[in-house]
Amino acid sequence: MAAVQGGLVDADEDKDIKTEPSSDGWGNNNANDGRLLSPSPGSSSSAGSNKTVAGAPEDQQTLLAVLQFLRKNKLTESVEILRREAGLPEDSLELKGTDSSGAGSGGAAGSVDLEGGDASSLLSRVTISSSAGAQAPTKATAGEDQPDVNVVLSAYSQQGDPALYQVYYSGLKRFIETVLDCHRAELSQVFYPLFVHMYLELVYNNHESEAKAFFEKFSGDQECYYEDDLRVLSSLSKKEHMRGNETLLDFRTSKFVLRISRDSYQLLKRHLQERQNNQIWNIIQEHLYIDIFDGMPRSKSQIDAMSGSLAGEAKREANKAKVYYGLLKEPEIELPLDDEDEEAENEEGKPKKKKPKKDSMGSKSKKQDPNAPSQNRIPLPELKDSDKLDKIMYMKEATKKIRLGPDNLPSICFYSFLNAYQGLTAVDFTDDSSLIAGGFADSTVRVWSVTPKKLRKVKSAADLNLIDKESDDVLERIMDEKTASESKILYGHSGPVYGISFSPDRNYLLSSSEDGTVRLWSLQTFTCLVGYKGHNYPVWDTQFSPHGYYFISGGHDRVARLWATDHYQPLRMFSGHLADVTCTRFHPNSNYVATGSSDRTIRLWDVLNGNCVRIFTGHKGPIHALAFSPNGKFLASGATDGRVLLWDIGHGLMIGELKGHTDTIYSLRFSRDGEILASGSMDNTVRLWDAMKAFDDLETDDFTAATGHIHLQDNSQELLLGTYMTKSTPVIHLHFTRRNLLLAAGAYNP
């Protein structure tokens with residue numbers, strides 16, 4: 001059934017919504033809820049405010065079967081109430097499926113045998129009748145809850161006249177092309193999901209030549225950003241091809257979401273009912289979710305900005321949950337953070353000189369951010385002495401931090417990996433910029449020191465026993481000078497390494513690989529401590545929490561997993577993406593995780609309960625880069641479409657679009673104070689954007705919570721502060737040092 005959800009649904013509109021009838025409790029529920037069985041004249045399974053019973057045969061059969069069932073069970077009172085609600089005459093049960101007086105359209109085509117059938121067969125017939133045309137096989141109901149391919153596909157076993165599919169689609173196309181301009185853009189959104197489902201119905205019912213003709217005639221009309229999906233679809237030309245096809249099963253099981261104004265929706269509904277175009281109306285009811293809003297219809301540019309994902313736009317309801325995007329109070333923050341967020345509140349660049357009060361938790365006068373989660377919302381590791389020392393070092397460096405802006409751009413230091421024949425696939429820097437690590441396609445991880453200090457292993461256990469543990473320089477003495485070198489190679493993975501991440505305290509390194517594992521390496525001994533096995537397929541990305549201890553991984557199995565370093569099993573599994581999870585990122589307060597996917601959506605997950613609290617759509621290709629602003633309010637995303645999109649986490653809205661890159665964006669990073677956003681791409685450039693202007697220019701009046709969109713300014717050129725070309729090196733990682741120097745990295749492509 002179509003789930004139709006509007007902002008404020010009035011009493012009449014409420015009648016337009018038909019809920020899925022459950023197979024138990026017929027005797028009581030339907031007597032009290034007449035609107036369940038009062039569809040409109042032109043529809044076979046739902047909406048219409050007419051109270052007359054529909055003339056479509058399947059509706060007649062449903063009604064009569066239910067009435068007969070109630071009568072057999074001696075529920076005569078319920079029979080009478082339901083019959084009156086449905087507008088059936090008293091002798092309707094004797095008529096057995098012929099057209100009843102008051103039917104809205106032509107007579108029922110066939111009669112249903114209500115005699116001699118037991119109650120279960122009647123009910124099975126009723127449950128199936130939500131499919132249009134001839135009924136779907138009974139196995140569809142029997143296996144409703146089982147993710148069985150046959151059950152999923154059986155919804156396509158509709159026996160409409162294959163020759164009429166083109167006529168139906170063309171008719172709708174002509175209608176939409178002739179409506180007022182303001183409605184045309186919104187109604188055009190139905191073309192793509194209708195096209196896909198009609199094509200799949202033809203293929204499933206073995207009408208191969210008709211399906212091919214249908215595809216060739218109308219595939220060119222679809223939006224260019226669905227090109228890749230259509231290529232996959234064109235390969236499904238036989239019923240056998242459909243079984244086990246992941247893309248198809250995704251499309252079939254997840255309703256395609258369209259956000260349409262109430263006026264446009266009413267236009268479409270009226271047209272389909274007047275034409276009695278049941279084939280299309282059924283698809284809309286079965287496979288689409290119409291998210292209705294009150295207000296002006298959206299423009300073509302507004303719709304294009306938000307569309308492009310595998311399952312349409314996000315439902316507005318999905319972005320209504322409260323998100324605590326504020327930062328935790330200073331004493332609880334473990335520094336250095338692995339991500340962008342250190343001195344978010346410290347806008348003037350002045351250090352917070354409160355060193356003596358490091359131990360007195362909560363003794364600071366700074367008030368708790370009202371949008372911040374409570375300090376103990378999730379358990380975070382306590383600060384160790386070494387963390388406190390590191391924090392003091394950080395604050396010393398922060399005094400030398402350069403305040404960036406449009407007139408004061410950062411210097412960029414580029415680390416080129418030369419002769420990287422092993423195939424560089426991932427890069428990360430430590431927060432203090434002292435180490436750089438690379439993941440390679442030959443399954444190795446390599447770590448380099450980028451300071452004069454060389455990398456050394458801890459001495460063997462026998463040698464450690466000889467050390468005076470009370471000496472002041474014990475931390476130096478435990479290191480074995482004989483092992484000192486500029487780089488170390490870590491062996492252990494059995495496939496290309498796709499993601500790496502340093503822990504905030506620089507003691508550990510995570511790596512994820514095609515072999516389905518995430519490995520935790522010690523940077524004291526340069527050995528593998530743990531192999532985390534949970535993913536069944538390649539793991540594309542992994543990242544440590546800014547507070548350490550927790551980390552996130554995402555892979556080809558479409559699930560992101562939250563881990564703790566001391567647990568073999570994941571703590572949370574974030575399931576909901578329809579394709580690979582390609583990139584993962586922790587929020588600066590560690591309470592939320594963002595995941596980007598090949599399904600072209602970004603999801604924000606609550607670490608505490610595992611719920612998805614935000615779904616962002618708008619990218620036209622797989623997402624490969626995510627970055628949170630240091631203050632935790634905004635998220636930037638980059639994808640294969642070459643666009644950087646900016647999102648307001650609190651309101652759940654897209655607030656900006658930065659166009660300029662000509663290839664996939666693989667890295668995004670905000671400067672330490674959030675003034676500048678840097679993006680790195682496969683087009684061999686680093687671009688700097690004025691993040692403050694992008695966020696400040698935002699008119700809060702433009703936030704229309706009811707429609708869930710704002711008018712985006714096309715001001716990419718104004719926000720672009722600089723473009724920096726490399727010789728021939730795709731940029732796969734960016735990092736701002738504590739002093740706001742920008743480090744970039746990539747492998748030279750001769």
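**Reading a predicted model together**

Among contacts between residues at least 6 apart in sequence, 62% join residues at least 24 apart, where contact means heavy atoms within 4.5 Å. This is a predicted model, in which local features need pLDDT of at least 70 and side-chain atom pairs count only at pLDDT 80 or more, while totals for chains, interfaces and linings use all residues. Residues are numbered from 1 along each chain as its sequence is written, and side-chain values use heavy atoms, with hydrogens and water left out.

Colleague: What is the mean pLDDT of the protein?

Modeller: The mean is 76, and 74% of the residues reach 70 or more; pLDDT is the predictor's confidence in each residue, from 0 to 100. Over residues 1-55, though, pLDDT stays under 50, and over residues 96-147 it is below 50 too. Where pLDDT is low, the predicted coordinates should not be read in detail.

Colleague: What makes Phe 616 and Trp 647 a stacked pair?

Modeller: Rings of Phe, Tyr and Trp (its six-membered ring) pair if their centres lie within 6.5 Å, and planes under 30 degrees apart count as stacked, over 60 as edge-to-face and the rest as tilted. Here the centres are 4.6 Å apart with 20° between the planes, so the pair meets both cut-offs for stacking. Phe 616 belongs to strand E22 (residues 612-617) and Trp 647 to strand E25 (residues 643-648), 31 residues apart. Both residues are buried, a word that means under 20% relative accessible area, with exposed over 50% and partly exposed in between (1.4 Å probe, protein chains only).

Colleague: Why is Arg 446 said to lie over the face of Phe 440?

Modeller: The rule asks for NZ of Lys or CZ of Arg within 6 Å of the ring centre and within 35 degrees of the ring normal. Arg 446 is at 5.3 Å from the ring centre of Phe 440, so the distance part is satisfied. Likewise, the charged end of Lys 488 sits over the ring of Phe 526, 5.8 Å from its centre.

Colleague: How do you know that E4 and E32 pair?

Modeller: Strands (E, at least two residues) are DSSP runs, as are helices (H or I, at least four), numbered from the N terminus. Two strands pair if DSSP finds at least two bridges between them. E4 and strand E32 (residues 742-747) have six, in the parallel sense, so they count as paired. One of the bridges joins Ile 412 to Leu 742.

Colleague: Why is one side of E4 left without a neighbour?

Modeller: The open sheet runs E4-E32-E31, with mixed pairing. E4 (412-417) and E31 (733-736) stand at the edges, each with a single partner strand, so one side of each has no neighbour in the sheet.
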